[in-house]
Amino acid sequence: MAKITIDIPEPNEKQKLFLADEHRHVAYGGARGGGKSWAVRVKAVLLCVKWAGIKVLIVRKTYKELTNNHIVPLQQMLPQEVARYNKTEKVFTFCNGSTIWFGYCNNDSDLDQYQGAEYDVIFFDEATQLQEMWLKKINLAVRQPNGLPKRTYYTCNPGGVSHNYIKRLFIERKYEQDEIPDNYSFTQALVTDNKVLMEMSPEYKAELESLPPKLREAWLHGSWDIFEGQFFEDFVDRPEQYAERTWTHVIEPFEIPDSWKIYRSFDWGYNKPFSCCWFAVDHDGVVY
């Protein structure tokens, strides 16, 4: 049988780290133009070629995004002797029995398609666009007891509905009781790491630099403390400054002196849940 070659361009250094990462939960990105979708496609293919019979799922918010960012490029990348695409089932089937499936989630009812499903590996492409509970529920499908790798990959940019969840896991690394820190890994990728994009579209970096300050910090520099929609320009959480209470917006809890003034604000809300905030003001006018 003639040898079949899959043409995969050389990955950049950050993409190499992502492709080689074997943690249970692997995140990649943090800025625009870092080559995230390419890394997802290549990693999915490499897994399918190496592990016969492995079942992979790629998830995005809509099926149109899946078609444009993954299905069409994979059809161009994979010779039919290696893998064939079934449009009805939305699956690539490889000659060794491995499969790449595609799923979307744009509302709670879309979760029904994952009820009872089992996969070895799941990719959440643009994970911050998916709600935290959606990510958690779909991730429960990583459970086939067959000895094949069990992993979940996330590509992400600052902002989006699950910004705080992804930031907590991979940037702040603050874990809850049932989360194992050693299971989580993050590779930061910026547009300047994507040498192919810099060569093909050198103006893209200038376009990012021309964005308003908050978006520029998030999408160009990969800042998770600044994202569009915040009232304040930035938010800083530096544990090393907690004791001094300077250069950080978060500090350790403390007893409020009786002489300070206490204020409360309350809003019933309309489309969103109500909020109730308490404020303490010291003698220098600093608000806590």
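These are my notebook entries on strand pairing, nonpolar cores and a surface patch in a predicted model.

**Entry 1, strand β2.** I started with β2, residues 55-60, and looked up its burial. Of its 6 residues, 5 are buried, so I noted the strand as largely enclosed by the rest of the structure. I then listed its partners. Strand β5 (residues 99-104) runs parallel to β2 and is joined to it by 6 bridges. Strand β6 (residues 121-124) is also parallel to β2, with 4 bridges between them. I checked leucine 57 in both pairings: tryptophan 101 stands opposite it in β5, and isoleucine 122 stands opposite it in β6.

**Entry 2, cores.** I looked up the largest nonpolar core and found 32 residues. The residues with the most contacts inside this core are Phe92, Phe94, Ile100, Phe102 and Phe123. Helix α2 (residues 36-50) gives the most to it, namely 8 residues. A second core, separate from that one, has 26 residues, including Ala117, Phe124, Leu135 and Tyr154.

**Entry 3, phenylalanine 102.** I listed the contacts of phenylalanine 102, leaving aside neighbours within four places in sequence. They are Leu57, Ile58, Leu66, His70, Ile71, Leu74, Tyr85, Lys90 and Phe92.

**Entry 4, surface patch.** Nonpolar side chains tend to be buried together in soluble globular proteins. I therefore also looked for nonpolar residues at the surface. Ile256, Ile262 and Trp278 form a nonpolar patch there, and their accessible area together is about 330 Å². I placed isoleucine 256 in the loop between α8 (213-219) and β9 (261-267). Its relative accessibility is 39%, so isoleucine 256 counts as partly exposed.

How values were computed: Residues are numbered from 1 along each chain as its sequence is written. This is a predicted model: local features need pLDDT of at least 70, side-chain atom pairs count only at pLDDT 80 or more; totals for chains, interfaces and linings use all residues. Side-chain values use heavy atoms; hydrogens and water are left out. Patches are made of residues with over 30% relative accessible area and no salt bridge: like charges are joined within 9 Å, nonpolar side chains (Val, Leu, Ile, Met, Phe, Trp, Tyr) within 5 Å. Accessible areas come from the Shrake-Rupley method with a 1.4 Å probe; for residues, only the protein chains shown count as cover. A salt bridge is a side-chain nitrogen of Lys or Arg within 4 Å of a carboxyl oxygen of Asp or Glu. Helices (H or I, at least four residues) and strands (E, at least two) are DSSP runs, numbered from the N terminus. Buried means under 20% relative accessible area, exposed over 50%, partly exposed in between (1.4 Å probe, protein chains only). Two strands pair if DSSP finds at least two bridges between them. A nonpolar core is a set of buried Ala, Val, Leu, Ile, Met, Phe, Trp, Tyr and Cys residues joined through side-chain atoms within 4.5 Å. Contact means heavy atoms within 4.5 Å.
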